[in-house]
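Hi,

Here is the structure I promised to pass on. Have a look at it first, and then read my notes below.

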Amino acid sequence: MTWLYPRHIMQLSWLIAASSLVFAFSSPAVATEPREFILSNGMKVLLVEVPKAPVATVQVWYKVGSRNEVMGRAGLSHMLEHMMFKGTAKYPKGTFSRLIRKNGGMDNAFTSQDFTAYFENLAADRVELALELEADRMQGLVLDMSELTTEREVVKEERRLRSEDDPQGALVETLFAQVYLSHPYHWPVIGWFSDLDAMTLDDLQRHYDTYYSPNNATLVVVGDIKADSLLPTIKQLFEPIPRGPEPKPIATMEPEQKGERRFLLKRDAQVPFVMLGYRVPNFTSEDSYALDILDTILSHGKSSRLYQSLVYEQKSSLAVGAEYSLLQTDPGLFYFYALVSPGQKPEVVEEALQREIKRLQTDPPTELELQRAKNQVEASHVFEQDSNFRRAMLLGQAESVGAGWQKIDQFVERILAVSTKDIQRVARQYLTEDNRTVGTLIPVPPKQPESPSTAAQQGRP
Amino acid sequence: MSTTRRRASAPRRPAILTLVMGFCALLLSSGLSIAAEIAPTKFVTANGITVLVLEQHFLPIVEIHTLIKTGSAQDPPDKAGLANLVASLLDEGTTTRTSKQQAEQIDFVGGALEAKASEDFTTASARVLKKDIDLGFILLADMLQRPAFHKQEFERIRTQLLGEMASDNDDPGHIAMRAFNQLVFHGHSYRWPVNGMEDTLNKITLTDVQAFYGREYSPSQVVLAIVGDVTLEQATALVQTHFGAWKKGTAPARSTKKPSPVERKTVQLIEKDLTQSTIVLGHGGLPRAHPDFYSVTVMNYILGAGGFSSRLMDSIRDKQGLAYGIMSHFDARLMPGSFWVNLQTKTETTNQAITGVLSEIKSIRDAPVSDQELAEAKSFLIGSFPLRFDSTAKLGHVLAQVEFYGLGFEYFSDYPKWIDRVTKEDVQRVAKQYLDPKRYALVVVGNVAKAKVKH
């Protein structure tokens, strides 16, 4: 009710993070299979008919994210995402969102390490409007210097909000920079200040020309649509867009980590925050399913091991969790985090986290725990079908990271096949000391203000 | 998924994704037809529970949602945080289950069990698959009727809440809002945060918790909404089985004291070593049941709630590049709530942003909005109305609140009509009546020495 950070920002980030945890939805209930079409210019189209309410989501996914950037231009993909709202010759600045809103819809976009996606949620009978607007800006973007100058400041404000003034955000950013030495997962999606300042219109134009082409995009529409009648409209709108050059694959590999890395971040904060990151495989490895269920056993629900041990019994943490997404283009990070209770020591909390990891390596989880985790995965997969948006996101993400949307249908089945031995094996193989990066936020007293006179004046007229 | 549920601001996940400017990325729908279809069955049980049942058979899921008509507004002044502490203890052990057993049972079926206080009311809910509906009722009924309030859980949760309170001070938005509420709701029970303050939380005893529960939790204070893949007959029987024996109580007395208006400009600057100033500016608002609510909704959309189409967004973000997010809010409650604009901007542009906000507040009072602005605001509000109940969980919440605020279930069919009849004159009238660019509370959290706030 009284959030100051615009609540919607956090909601969506949460939703996206969560979606990578449990991303299956091939339920017996209402799920209709996605229908796949490839247009003559190479664009992939996925359509899902969900007739339960007269609404739909339209999403265009581009295979470009911060992993496609180069040193010195961190944040270029995200900056381009912002500039995509600045208009085309046909629909000048401001027209896009206004048209969507006028039609009772909402539009927005998001950028990750691996992809950039644009969406419109609206009434099913307005889908064509969204398609028309998206087709137009796939090639027609007008990049303007004065718009860039203003938008750069907006993005810098976004960086201040997410990283500079948020101790936990700052720790996360540093963790990735420490884990990835050569791979572009090294830098944050939002970019660094100096890189944002250095970005030019040419940089943006080149990025746009390279990656915003139909053969590098996936269109997903989920909702109360009829694939057969929508497809001709889609062809008519998107097929005139010429195929672009195939973007060069990113060849940079992160070499094997040989030995634990540790770092401290000292800044004004109320309580310490501890993170442990381990490099793990992505969807290309069968081990990813065991890692996913391991995550569930450790961190999903109040009966999970981490909550019971660190929050409930030891009372050393205010919050604790783990996070793993197998839907990443390149091998990602399995990380643990704990918000340390006031008066407790971060070293003790780190040790407690490691003890829980060790426990899984020594003894496999019980059959009951495994069953609970599997039930949780199956149930969330039903609950998730409540949202067309979520469903489209999973398809778009699976497609954009190179897994292919079919992977999603196999997810529950693969999860159900995981044994307690598998979990123990992946815990032993990946959650090792040499493969670990530990980051700790150490609160230090705030800097004194430059002039002491104005602090905390109350009731001044 | 985070395993803490009480924190309003759970630790963020890595900034893997960065939005342009998020708006609820929820399924949106349009068209009045589906709005009109929401017609729950309502009945009152012998012991006084108001039950609302809405069958939705698309998916095998059920939301069992209770609203208890008590919240932090009922906290004794020196014991702010009591209602929240009571709610937080509902799933920390009952006379038949330990805290851990409650968690294990709901987690085993992949469901969710939650309890949470707000200013005007408290909610407790269970979300389960259809096949687990009995368990959902059992666990929810148990925690509402037989909470144990064990001494050790009481102490543990209080310590946890105090820790979260400390950690919340890393969130400038939280600090600013807490200060703002104390200025705007001065002398009223809305002034404290729902989770209380360090000193008030420390004054609460286990006896206070038990007494509050005994006084405030009884069938006549409960609205029970059941939404999902369930039939009316089945729901009725389940309510009887699990809630039928709950002893009837008497409705507790309620204060009708309204918050007094902000009488003069009040500024509070809070020093914190940050690169941005977090700014909250506003004053009192109006109650939810007020007939002007719909005109205010349209006016507020044009001013600052309308996303990229709003005047504040256009001026402060798109034209001046001063902020990533800026929004205006009317939080309409049982008693008059509040109005505020919030944003974050770098320290150096603090004054410029505040001036910009005040100027937009002034201009929507001084001149009528354009025909286009009015038409676009209405078409969005009407077209996107069903967004508010596009999932079973949200439907449960909305149904219970429509009942609580006494809006009547014609709300679902008539909302478009109520929005559509708002005129330009209404918009200007409510702007003049409910916005005040002279008497307001302003809170700035950040490097205030460097910001040199002039307002």
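Before the domains, one term: I call two residues "in contact" if their C-beta atoms, placed from the backbone, lie within 7 Å. Keep in mind too that this is a predicted model.

Let's start with chain A. The domain assignment splits chain A into domain 1 (29–238) and domain 2 (261–444). Their C-alpha centres are 28 Å apart, and 33 residues of domain 1 of chain A are in contact with 29 residues of domain 2 of chain A. Which elements of domain 1 do the touching? Strands E2 (44–49), E3 (55–62), E5 (116–123) and E6 (217–223) and helix H6 (167–179) of chain A each supply at least two residues to that side. H6(A) gives the most, with eight residues. By residue type, this side of domain 1 of chain A divides into 20 nonpolar, nine polar and four charged.

Next, have a look at the open sheet in chain A. Five strands form it, in the order E7-E11-E8-E10-E9, with mixed pairing. Strand E7 (261–268) and strand E9 (317–323) of chain A are the edges, each pairing on one side only. Ignoring direction, neighbouring strands are turned by 10° against each other on average. At the E7 edge, E7(A) and strand E11 (residues 436–444) of chain A run parallel and are joined by eight bridges; A:Asp268 has A:Val444 in E11(A) as its bridge partner. Over at E9, helix H11 (residues 305–313) of chain A lies across E9 and strand E10 (333–340) of chain A, and runs at about 160° to E9(A).

Now chain B. Its assignment gives domain 1 (39–243) and domain 2 (266–451), with C-alpha centres 28 Å apart. Their contact takes 30 residues from domain 1 of chain B and 29 residues from domain 2 of chain B. On the domain 1 side, H6(B) gives the most, with nine residues, and the residues divide into 19 nonpolar, six polar and five charged.

One more spot worth a click is helix H3 (residues 99–108) of chain B. Which of its residues are buried? B:Ser99, B:Gln102, B:Ala103, B:Ile106, B:Asp107 and B:Phe108 are. What do they pack against? Their partners are helix H13 (367–383) of chain A, plus strand E5 (112–117), helix H4 (133–145) and helix H5 (151–168) of chain B. Just after H3(B), B:Gly110 has a positive phi of about 70°.

Cheers

Terms used: Residues numbered from 1 in each chain as written. Chains lettered and ligands numbered in written order. Predicted model: local features only at pLDDT ≥ 70, side-chain atom pairs only at ≥ 80, totals over all residues. Domains from an automatic or database assignment. Helix = DSSP H or I, 4+ residues; strand = E, 2+ residues; numbered from the N terminus. Nonpolar A, V, L, I, M, F, W, Y, C, P; charged D, E, K, R; others polar. Pairing = 2+ DSSP bridges. Axes fitted to C-alpha atoms, helices over the stretch in contact; angles between N-to-C directions. Buried ≥ 20, exposed ≤ 12 C-beta atoms within 10 Å, placed from the backbone.
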